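User: Please examine the structure shown below and justify the terms used to describe it.

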Amino acid sequence: MDFVREHLKGNHYTWNENINFSPFQGQPSRRLFNRFDGYQVLFLINSFASATGKTDEETVSRMESLIMHELPLDARSEISVLNWLKEAASTTF
């Protein structure tokens, strides 16, 4: 199951309305992570779900909360954020 915009609880995200699809595809990279870009947050949550097999709505809520409230400022790339999420999830799930 891919999570979509409607699964996110936060209302602080930006969404590029000029596109009809997520510009984030493939694997997480060293691309700079923007925690306010809704498409990029969904991309990482879906990457986490795919890597861990956790595909329930509780997972998306927990991952969104971790990104919003606990993500360290030094986690700057998509890869570093995904690795941090995996580490954080291993202690909270």
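Analyst: A salt bridge requires a side-chain nitrogen of Lys or Arg within 4 Å of a carboxyl oxygen of Asp or Glu. This is a predicted model, in which local features need pLDDT of at least 70 and side-chain atom pairs count only at pLDDT 80 or more, while totals for chains, interfaces and linings use all residues. Residues are numbered from 1 along each chain as its sequence is written, and side-chain values use heavy atoms, with hydrogens and water left out.

User: What is the nearest side chain of opposite charge to aspartate 37, and how far away is it?

Analyst: Lys and Arg count as positive and Asp and Glu as negative; His and the chain ends are not counted. The nearest side chain of opposite charge is arginine 31, 8.4 Å away, and aspartate 37 has no salt bridge although it is buried. Among residues more than four places away in sequence, aspartate 37 touches Tyr13, Thr14 and Phe24, where contact means heavy atoms within 4.5 Å.

User: What makes aspartate 37 a cap of helix 1?

Analyst: A side-chain oxygen of aspartate 37 lies 2.9 Å from the backbone nitrogen of tyrosine 39, at the N-terminal end of the helix. A polar contact is a pair of N or O atoms within 3.5 Å; within protein, one must be able to donate a hydrogen and the other to accept it, and residues adjacent in sequence count only if both atoms are side-chain atoms. Aspartate 37 itself is found in the segment before helix 1.

User: Why is tyrosine 39 called buried, and histidine 12 partly exposed?

Analyst: Buried means under 20% relative accessible area, exposed over 50%, and partly exposed in between (1.4 Å probe, protein chains only). Tyrosine 39 has 14% and is therefore buried; histidine 12 has 30% and is therefore partly exposed. Tryptophan 15, at 17%, also counts as buried.

User: How do you know that the length of helix 1 agrees with expectation?

Analyst: Helices (H or I, at least four residues) and strands (E, at least two) are DSSP runs, numbered from the N terminus. The expected span is 1.5 Å times one less than the number of residues. For the 15 residues of helix 1 (residues 38–52) this gives 21 Å, and the end C-alpha atoms are 21 Å apart, so the two agree.

User: What makes tryptophan 15 and tyrosine 39 an edge-to-face pair?

Analyst: Rings of Phe, Tyr and Trp (its six-membered ring) pair if their centres lie within 6.5 Å; planes under 30 degrees apart count as stacked, over 60 as edge-to-face and the rest as tilted. The structure holds three aromatic pairs. In the pair of tryptophan 15 and tyrosine 39, the centres are 5.0 Å apart and the planes meet at 85 degrees, which is edge-to-face.
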